[in-house]
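Here's a quick briefing to read with the structure open beside you. Take a look at the fold, then come back for the details.

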Amino acid sequence: MRITKIFLYTLALSLLLVSCKGGKTVIGSTTADASLAVASIIKTHKAASPNFKTLASRVQVAYADEKKEQSVTVSLRMEKDKVIWIKAALLGITIAKVKITPERVSYYETISNTYFDGDFDLLSDWLGTDLDFDKTQAILLGQSIFSLEKGKYTSSISSNKYELAPKSQPNNFIHRLLLNPDNYKVNSGYLNQPNDDRELSMRYGDYQKLNGSFYPTQVFIKSSEGDSETNIAVKYKKIDLNVDLSFPFNIPSGYEEIELSK
């Protein structure tokens with residue numbers, strides 16, 4: 001199994017997103033306002049980022065490509081703006097663990113006895129997409145990974161959603177984002193890197209409300225590169241907010257360092 005690159009690549013392409021159950025489900029019903037200024041849309045979206053200190057959840061991830069299908073249960077812990085901790089287990093046995101801080105990405109896999117321990121620059125070069133802690137956290141919280149700077153984006157209405165797109169698309173990085181009109185959370189997103197023959201699309205399920213903030217309940221991700229296509233479905237179980245958490249992480253002795261190469 002190519003767990004190492006699959007795990008890290010899909011993390012970079014938003015494999016994991018925070019969610020919860022037990023709260024009130026919010027289904028888009030408000031009509032998008034075509035007269036609303038793009039600056040107001042962006043401001044409200046940024047304000048919709050969940051407010052919490054710590055978060056703990058368990059997530060079921062189903063992965064499928066042209067060669068195989070597999071499902072894994074993931075434990076997710078976060079301390080906002082400081083650390084993201086992920087453990088993947090199969091039949092109760094740890095198969096991989098990740099610890100992400102603003103300065104570092106650390107990972108090990110028990111099946112191959114391998115590990116990675118480095119900064120985001122090295123990981124971004126390997127994955128072929130720019131990645132840092134803030135973007136990873138935004139992915140987990142259902143927020144935009146793009147900066148959405150005022151004056152650089154346009155807005156329009158598409159299928160009763162606010163569609164945001166750059167006034168000028170960056171070279172080899174064509175993207176757009178759709179926001180729900182009722183909670184201003186991400187409804188779907190699209191990224192195309194034509195020079196690399198790479199595409200990514202994601203679609204969020206209904207949002208639920210917990211402690212005054214909105215969280216997605218599931219996400220569907222489709223990525224392709226050349227003739228290869230990957231589909232990921234993520235479903236979330238109950239989460240706990242603002243609880244005492246630890247983030248244990250020690251690379252076992254004797255493990256071999258992963259040589260990152262495309």
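Which backbone nitrogen does a side-chain oxygen of Asp 132 reach at the start of helix 4? That of Asp 134, with the oxygen coming to within 3.2 Å of it. Keep in mind that this is a predicted model.

**The chain overall**
- The chain has 262 residues, and 49% of them count as buried.
- Its secondary structure adds up to four helices and 17 strands.
- Look at contacts between residues at least 6 apart in sequence, and 56% turn out to join residues at least 24 apart.
- About 12900 Å² of the chain is exposed, with carbon and sulfur atoms supplying 46% of that.

**Helix 4 and what follows**
- Helix 4 spans residues 133-140 and is mostly covered, with six of its eight residues buried.
- Those buried residues are Phe 133, Thr 136, Gln 137, Ala 138, Ile 139 and Leu 140.
- Just past helix 4, Gly 142 has a positive phi of about 75 degrees.

**Positive phi outside glycine**
- As background, most residues other than glycine have a negative phi.
- Leu 148 isn't a glycine, yet its phi is positive at about 50 degrees.
- You'll find Leu 148 in the loop between helix 4 and strand 8 (153-158), and its relative accessible area is 1%, so it counts as buried.
- Asp 197 is another non-glycine residue with a positive phi, near 55 degrees.
- Asp 197 sits in the loop between strand 11 (186-193) and strand 12 (198-204), and is partly exposed at a relative accessible area of 48%.

Technical notes. Residues numbered from 1 in each chain as written. Predicted model: local features only at pLDDT ≥ 70, side-chain atom pairs only at ≥ 80, totals over all residues. Heavy atoms only, no water. Helix = DSSP H or I, 4+ residues; strand = E, 2+ residues; numbered from the N terminus. Buried < 20%, exposed > 50% of the residue type's maximum accessible area, 1.4 Å probe, protein only. Contact = heavy atoms within 4.5 Å. Areas by Shrake-Rupley, 256 points an atom, 1.4 Å probe, with all protein chains shown as cover. Polar contact = N/O pair within 3.5 Å; in protein donor to acceptor, adjacent residues only side chain to side chain.
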